Amino acid sequence: MSVAPERNLRLVRDEPLAPAVRLGDIHLRNRLVTSSSLLGYGVANAKLIPYGMSPISQFVPLERFGAVTTRTLTVEPREGHFTTRDQWPLHELPALLKRYGQALRQVDGGWLNAFGWCNVGLDAYLRDYYPRTGGQNTIISVGGFSAEEFVTLVDKINDAVPAGDIAAVEFNVSCHNVNFDFNAIIESVLAEAVPRSAHPVILKLSPDYDYLAHARLAAKHGVSALTAINTVKGLRLDPETGEPLLKNRFGGLSGRAIKPIGLRVVAELRDAGVKLPIIATGGIRTFDDCREYFWAGADAVSLGSATWFASYPGYALSPFYAARVRNLLRRIESYHPPTR
C-alpha cells in the first residue's frame, strides 16, 4: 500500500541555501535578514492567528534568510503598550485587533508603532521558542535600561546558546517606544556588556540620536556590526478629536516613508569613516531598494514593515507577497555588492 506524501502547506520550494557570508565576526547565510519584531520569536504557537508574526511569513522559508532577528527581549516579561499573550482563540480576535489599533497604525507611506518592547522575557524565549528555530540562523535582539540588565541578558544567552550557534546578539539601545533616554547609558552598556558576550554584538542605531557618535563608540568597544536604522520618532493625531492615534502618543515610524532617511544615515556613516559592517533597514521591499542601500555603503539589508505588514484585508494576498519575498531571496543569494 502506498503512503501519500506529506503536503507542504507553506507553499514554499525546497531550494538549497546560499553560500555563507561573513560580516567580520558575523556569519550570515546571505545578505538578506529580517528586522526585529516583525517575525516575533521566529515561530508561532498558533497557526490560525500567528500572534507576533506577519501572516506573510507563514509562506516563506525563514531558514533561507541570512538571519532572522527576534522581537526585542528583556530580562523580565514586559506588557509594554500591547500584550505578552501569544495565543488568541478566534472568538477573541476583535479584542486582539483593538489592541493592535492602539499600538500599530498605518499612516502615509508607512506604519507608526508603539509596542513598547512587549515580550515574554528572555528566559521564556530561550526555553519555549529558541529550541524550535533550529533551522534558522538567528539574531537575538535584546533591550534593557541599564548596563547591568544588558550584562544579565548577555550572560543568559551565553549560558543557553553555545558560541557559533547564532549569528549575533543585537543591542537595541535606541527604541523610542519605551520612553527612556538611552544616551545616558549607551557607553556603559557597550563597555560592560560587549566584552562578556560569547557571540558577535550588533548595535542598532537610531536616526534620532547621535548615530555617528554611537557608531564610533561601537567600534571602540568591540561591536561587530551596526544596524541602521531603528524607527523614526513620530506622532499622528486623530483629525476629529486631536487625540494621539497610539496609546503611547508617540511611536516609531517605519516603512517606505523612512527609506531616504535610512539611505542618508548609511551614507553618512561611510562618509564619516565608519568601517564596521552595516545591516541596513528602512523601507526595503524590492531588489532595487536593496541595491540602493548597497551603493550607499551597506553590507547587508533587512526586511521590515514595508515587506511584512499589510492592511488586514491585504493579508488575504499573503501567498502573493510571500512569492515576492522568495524571489528577492533568490536574487540576493546570487548578488555580489560593489566593493568599496
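The expected span of a helix is 1.5 Å times one less than its number of residues. Helices (H or I, at least four residues) and strands (E, at least two) are DSSP runs, numbered from the N terminus. Everything shown here comes from a predicted model, in which local features need pLDDT of at least 70, side-chain atom pairs count only at pLDDT 80 or more, and totals for chains, interfaces and linings use all residues. Residues are numbered from 1 along each chain as its sequence is written, and side-chain values use heavy atoms, with hydrogens and water left out.

**View 1. Helix 3 has a buried face and a face turned away from it.**
Let's start with a ruler: helix 3 covers residues 147–160, and at 1.5 Å a residue its 14 residues should span 20 Å. Its end C-alpha atoms are 20 Å apart, which agrees. Now look for A147, F150, V151, L153, V154 and I157, the buried residues of this helix (buried means under 20% relative accessible area, exposed over 50%, and partly exposed in between, with a 1.4 Å probe and protein chains only). Seen down the axis of helix 3, these buried residues fall within an arc of 160°, so they line one face; the arc is that of the directions from the helix axis to the C-beta atoms. They pack against helix 2 (122–129), strand 7 (138–142), strand 8 (168–172) and helix 4 (186–193), where contact means heavy atoms within 4.5 Å. On the face turned away from the buried side, you can find the exposed residues E148 and D159.

**View 2. Strand 9 is covered on both faces.**
In a regular strand the side chains alternate between the two faces of the sheet. Which residues of strand 9 lie on each side? V201, L203 and L205 are on one side, I202 and K204 are on the other, and all are buried. Strand 9 (residues 201–205) runs parallel to strand 8, joined to it by 4 bridges; two strands pair if DSSP finds at least two bridges between them. Within this pairing, E170 stands opposite I202. Strand 9 also pairs with strand 10 (residues 225–228) in the parallel sense, over 4 bridges, and there L205 stands opposite A228. The chain crosses from strand 9 through helix 5 (residues 211–220) to strand 10 in a right-handed β-α-β crossover. Strand 8, helix 4 and strand 9 also make a right-handed β-α-β unit. Right-handed here means that, with the strands pointing away from the viewer, the path from the first strand over the helix to the second runs clockwise.

**View 3. Helix 1 has its buried residues on one side.**
Pick out L96, Y100 and A103, the buried residues of helix 1. They cover an arc of only 70° around the axis, which puts them on the same side of the helix. Strand 5 (104–107) and strand 6 (110–113) are among what covers them. P94 and K98 are exposed on the face turned away from the buried side.

**View 4. S141 is a buried residue of strand 7.**
S141 sits in strand 7 and has 0% relative accessibility, so it counts as buried. Leaving aside neighbours within four places in sequence, S141 is in contact with several residues, including S36, T69, R71, E170 and N172.

**View 5. Strand 11 has a covered and an uncovered face.**
V232 and G234 form the covered face of strand 11 (residues 232–235), while K233 and L235 form the uncovered one. Strand 11 runs antiparallel to strand 12 (residues 250–254), with 4 bridges joining them. Here K233 stands opposite G252.
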